[in-house]
Amino acid sequence: MISRLLVANRGEIARRIFATCRALGIETVAVHSDADAEAPFVAEADQCVRLPGHTPVETYLRIDLILDAARRCGADAVHPGYGFLAENADFATAVADAGLTWVGPPAKAIAAMGDKLAAKALLAEAGVPMLPSWTEADQVTDFPVLVKAAAGGGGRGMRVVRDPAGLPEAVASARREAASAFGDGTVFIERYVERGRHVEVQIIGDRNGTVLALGERDCSIQRRHQKIVEEAPALLDAELRDRLHQAAVAAGQAVDYVGAGTVEFLLSEEGEFFFLEMNTRLQVEHPVTEAVTGLDLVRLQLLVAEGQPLPVSATPPVQGHAIEVRLCAENPAQGYRPATGTLHRFTVPGVAAEFTPHQGLRLDSGVIDGSTVSVHYDSMLAKLIAWAPTRAEAARALAGALARAELHGVTTNRDLLVRVLRSPEFAAAQVDTGFLDRHPEVLAPLLPPAELPLVALAGALASAAARRAAAPVLAGLPSGWRNVPAVGQVTRFTGGDGGEIEVRYRLDRAGRLAQWSTSTDSTAASPNHAGPAPAAPSGSDDAETGDGTDEVALIEAGPERVVLEVAGVRRGYRVHRVGSEVFVDGPNGAARLVESPRFPLPGAALAAGSLLAPLPGAVTRVHVEVGQQVAAGDLLLTLEAMKLEHPVHAPTDGVVTELPVSPGGQVDTGAVLAVVNPLEEAS
């Protein structure tokens, strides 16, 4: 039996496996990079070993370092998690050769399924339906197509191509990204199915030759071919479900599969299904299967690795419905590019369990308050899973918990996830891989533009209250009160979109809100613009101003909570300040504001037309040179960060006047990548 397990992974993956180990009485060992030295998973392990370096190539992908760590800690087993080396046949072989128990499928099965081209050929012989595919661009006979990496997954090395002209660059780009992410730049081309559904079957096998299907998941809602919403069970008729399960079991039996794995399929609108790939590991979305079956899949992995037979003999009955969302550090204002920084607050209300199967609200998170989100790793912060008796109840509970979560310091995709879960189309189960393309409205922030003035007012009042609470003298005066009634308070913020917001307000002698107004980018707010219109002074500094829907009264103003009454309806705002950053969570959405200094220091202005790095990374290619004329949308250069390529395009027709970067160079967030002057200015 396993007594001490090393987990060759990080973040929420390691924490998830540790949770089951604690329940089984198995000691745990963590390995960590320098960037992860203070991460929660390191603190939770019984022992830990440093892997010197920051990047995955330097640390988590080093088989020699991981095996040395196992030897030094006396571990007798290794779990690869579900990333990095989880699908590396050489790693599985090395672990076994070192005399350690490998918690995963045999190296032979990993090798067979790790090469997607070989896997398609093998499983086609087993009768599993396949999509037409090609290995070279000049062989393609039908469009649209999908360029795919032959190794790895997670959306890396994947490109949709709709016409022959774009295929060569898509293949080249996919090869570079796949080589960077997986160490293998091999790609192939497959027919792309419009409006297909991505449905996968969870399988598990033991050493006695038993392979079972443990249910299926619908993972159709994706962005950049990465899953963001997953649910179990998939909405299928009984006959189609049975055929999918049979095909998945056949795939497992074809490679003598042992352990937990996932067989992924694409379902067409006509009801046909086709094999996509087999992941020889536990999937990120496995908690939804655990919620509806009551099984602990990590426990089953460990039992099978110890040589025990599966404790279940058939597909378990499904109870209720479970939905999972992937909460990622991403910047919506920059096309959902990965974001980095410090997570000042991470709080999700109503969580009943973490990392273990539960019928309720479950959180699997790799971060806590104060965690640093690094450029070196994947942008996923956590998974939030809701189980309920029905799909509609699960969606409502999950959306509500997400909407009330306090996520401060790093921008996330939270608003997108809430809008997806609350959309009529999701409620009607009208989901497929093109869902986000067809419904751009879900990309809008939760906070309506008309609510921003009230949020800014709450932020300004809380900031004033915080300063008053810290004042060494006259602390008893109401926050924001002035001895000159005609002169109000002025607070200026920068919003999440970079726009400026100015809040002006005046309190009467009793500390009540006598007058207030806001303006954005020097434009006065009005009911049809950005919020309640500023009311004219009433002539009495004891009177509150405003009427009808514009009437706003101050009920409470503290450093962390502000209560406003709008047209007779009270609204509470939670406020959290970190330096100049002000995070406001209200009933209709959240906002991050940056308070401007009252007396800013002069600074150097950026050249007009400057294109800035959205996050730290490495410049992989530069396509232009200084003096070159470009058209709007032309590809200027490519930045690689957080395992993905980020193209930088010309924002307008113009001339490249500055190009301070070169291939291979490292840049920080905000660094100037290029300067493009519009043609009329350049001439």
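**Helix packing and cores**

H3 passes H4 in a right-handed crossing. This is a predicted model, and the pair is a good place to enter it. Helix H3 covers residues 63–73 and helix H4 covers residues 89–97. Their axes lie 11 Å apart. The packing angle is about 30°. Angles under 35 degrees count as roughly parallel, so H3 is roughly parallel to H4.

Now look at the side of H3 that meets H4. Ile63, Ile66 and Leu67 come from H3. Asp90, Phe91, Ala94 and Val95 come from H4. Six residues of this contact are nonpolar and one is charged. None is polar.

H4 has another partner. Helix H5 runs from residue 107 to residue 114. The axes of H4 and H5 come within 8 Å. They cross at roughly 175°. Angles over 145 degrees count as roughly antiparallel, and therefore H4 is roughly antiparallel to H5. On H4, the contact uses Ala89, Ala92 and Thr93. On H5, Ala107, Ile110 and Ala111 make the contact. Five of the contact residues are nonpolar and one is polar. No charged residue takes part in the contact of H4 with H5.

Phe91 of H4, already met in the contact with H3, leads on to the core. Phe91 is among the residues with the most contacts inside the largest nonpolar core. Leu5, Leu6 and Leu302 share that standing. The core has 57 residues. Which helix gives the most to this core? Helix H10, residues 297–305, does, with six residues.

Follow Leu302 outward. Set aside its neighbours within four places in sequence. Leu302 is then in contact with Ile2, Leu5, Thr20, Cys21, Leu24, Ile26 and Val103. Leu5, itself one of the residues with the most contacts in the core, is thus among the partners of Leu302.

A second core is separate from this one. It has 41 residues. Ile228, Ala386, Ala394 and Leu421 are included in that second core.

Last comes helix H9, residues 286–293. Is this helix mostly covered or mostly exposed? H9 is mostly covered, with eight of its eight residues buried. The buried residues include His286, Thr289, Glu290 and Thr293. Pro287, Val288, Ala291 and Val292 are buried too. Gly294 follows H9. The phi of Gly294 is positive, near 80°.

Key: Residues are numbered from 1 along each chain as its sequence is written. This is a predicted model: local features need pLDDT of at least 70, side-chain atom pairs count only at pLDDT 80 or more; totals for chains, interfaces and linings use all residues. Side-chain values use heavy atoms; hydrogens and water are left out. Axes are lines fitted to C-alpha atoms, for helices over the stretch in contact, and angles run from 0 to 180 degrees between N-to-C directions. Helices (H or I, at least four residues) and strands (E, at least two) are DSSP runs, numbered from the N terminus. Angles under 35 degrees count as roughly parallel, over 145 as roughly antiparallel, 65 to 115 as roughly perpendicular and the rest as oblique. A crossing is left-handed if the near helix is turned anticlockwise from the far one by less than a right angle, and right-handed if clockwise. Contact means heavy atoms within 4.5 Å. Ala, Val, Leu, Ile, Met, Phe, Trp, Tyr, Cys and Pro count as nonpolar, Asp, Glu, Lys and Arg as charged, and the others, Gly among them, as polar. A nonpolar core is a set of buried Ala, Val, Leu, Ile, Met, Phe, Trp, Tyr and Cys residues joined through side-chain atoms within 4.5 Å. Buried means under 20% relative accessible area, exposed over 50%, partly exposed in between (1.4 Å probe, protein chains only).
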